Amino acid sequence: MLSSLRLCIPLAGVLCSDPLFHQSRRLLHMSLKPVRAVTFDLDDTLWTCDFVRATKAQLQFMRSQVPALENVDAAKFRNAMLEHRAQMADGGADLTRLRTATVEKLALQVGCSADESARVANGAVTEFLRVRNEVMMMPGAVELLGRLRARGLALGAVTNGNAELDATPLSGAFPVFVSSAMA
């Protein structure tokens, strides 16, 4: 514990006479190259979004199209998603594809045709994404990105979520965007 305190205190700006600290600090600085790019996660980093409201909108659409799905609430839908995720070869990495497949499966289970299930699933997920992409920016996020760009840093976004970046206030902010749907 004492050795970790020796390292933490100097990093906080307090002088340290420990030679081991100074040696490791020199090695650290020698191995670092200048930062040229910064990547960000999106959800709960640069913005917040209301997944509860988005799920409610999706379920409302599903019920309006297929009344037999009236008993599917958020908890049942989540359990169905988790069950379906375990059966998918990629482990459900693409959350939009997982959500779509889960709606299709639920619609099929109550007697919808394959075509009808696909139509309902596409509409329900479109509704989910519409509400999901109504994001609230974290305070200072837009300004931070502007300052980083002004310093000449390349910016990128990496997410395991299903944000449609072009449907948010950060449309065009990231020349590089990688999502799990691209895997």
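Helix α3 (residues 51-65) contains 15 residues, which at 1.5 Å a residue should span 21 Å, and its end C-alpha atoms lie 21 Å apart, in agreement with that value; the expected span is taken as 1.5 Å times one less than the number of residues in the helix. The model is a predicted one, in which local features require pLDDT of at least 70 and side-chain atom pairs count only at pLDDT 80 or more, whereas totals for chains, interfaces and linings use all residues. Residues are numbered from 1 along each chain as its sequence is written, and side-chain values use heavy atoms, with hydrogens and water left out.

The secondary structure of the protein chain comprises seven helices and five strands, where helices (H or I, at least four residues) and strands (E, at least two) are DSSP runs numbered from the N terminus. Along the sequence these elements follow the pattern α-α-β-β-α-α-α-α-β-α-β-β. Of the 183 residues, 36% count as buried, a term reserved for a relative accessible area under 20%, with exposed meaning over 50% and partly exposed anything in between (1.4 Å probe, protein chains only). Among contacts with a separation of 6 or more, 61% are made by residues 24 or more positions apart, a contact being defined by heavy atoms within 4.5 Å. The protein chain exposes about 11,300 Å², of which 59% is supplied by carbon and sulfur atoms; accessible areas come from the Shrake-Rupley method with a 1.4 Å probe, and for residues only the protein chains shown count as cover.

Within helix α3, the buried residues are A54, T55, A57, Q58, L59 and M62. The cover over these buried residues includes α4 (74-87), α5 (95-109) and α6 (114-132).

Helix α3 also takes part in the charged interactions of the model. Side chains of opposite charge can pair when their charged atoms come close. With a salt bridge defined as a side-chain nitrogen of Lys or Arg within 4 Å of a carboxyl oxygen of Asp or Glu, the count comes to six salt bridges. One of them joins E134 to R53, with the closest N and O atoms 2.5 Å apart. Because E134 lies in the loop between α6 and β3 (136-137) and R53 in helix α3, this pair ties together parts that are 81 residues apart in sequence. Both partners are partly exposed, E134 with a relative accessibility of 37% and R53 with 39%. A salt bridge is also formed between R130 and E134, the closest N and O atoms being 3.2 Å apart, and R130 further pairs with E127, for which the corresponding distance is 2.6 Å. E127 and R130 both lie in helix α6, three residues apart, or about one turn of the helix. E127 is partly exposed at 21% relative accessibility, and R130 is likewise partly exposed at 45%. Taken together, R53, E127, R130 and E134 are linked in a network of salt bridges.

Turning to the strands, β1 (residues 37-40) and β4 (residues 154-159) run parallel and are joined by four bridges, two strands being regarded as paired if DSSP finds at least two bridges between them. Strand β4 is also joined to β5 by four bridges, again in parallel. G156 illustrates both pairings, since T39 stands opposite G156 in β4, while the bridge partner of G156 in β5 is V176.

V176 has its place in strand β5 (residues 176-179) and, at 47% relative accessibility, counts as partly exposed. Together with V158, V178 and M182, V176 forms a nonpolar surface patch with about 330 Å² of accessible area. Such patches are made of residues with over 30% relative accessible area and no salt bridge, like charges being joined within 9 Å and nonpolar side chains (Val, Leu, Ile, Met, Phe, Trp, Tyr) within 5 Å. S179, also found in strand β5, is by contrast buried, with a relative accessible area of 11%. When neighbours within four places in sequence are left aside, S179 is in contact with T159 and G161.

A further local feature concerns the backbone at D44, a residue other than glycine whose phi has a positive value, near 60°. D44 is found in the loop between β1 and β2 (47-48), and its relative accessibility of 54% places D44 among the exposed residues.
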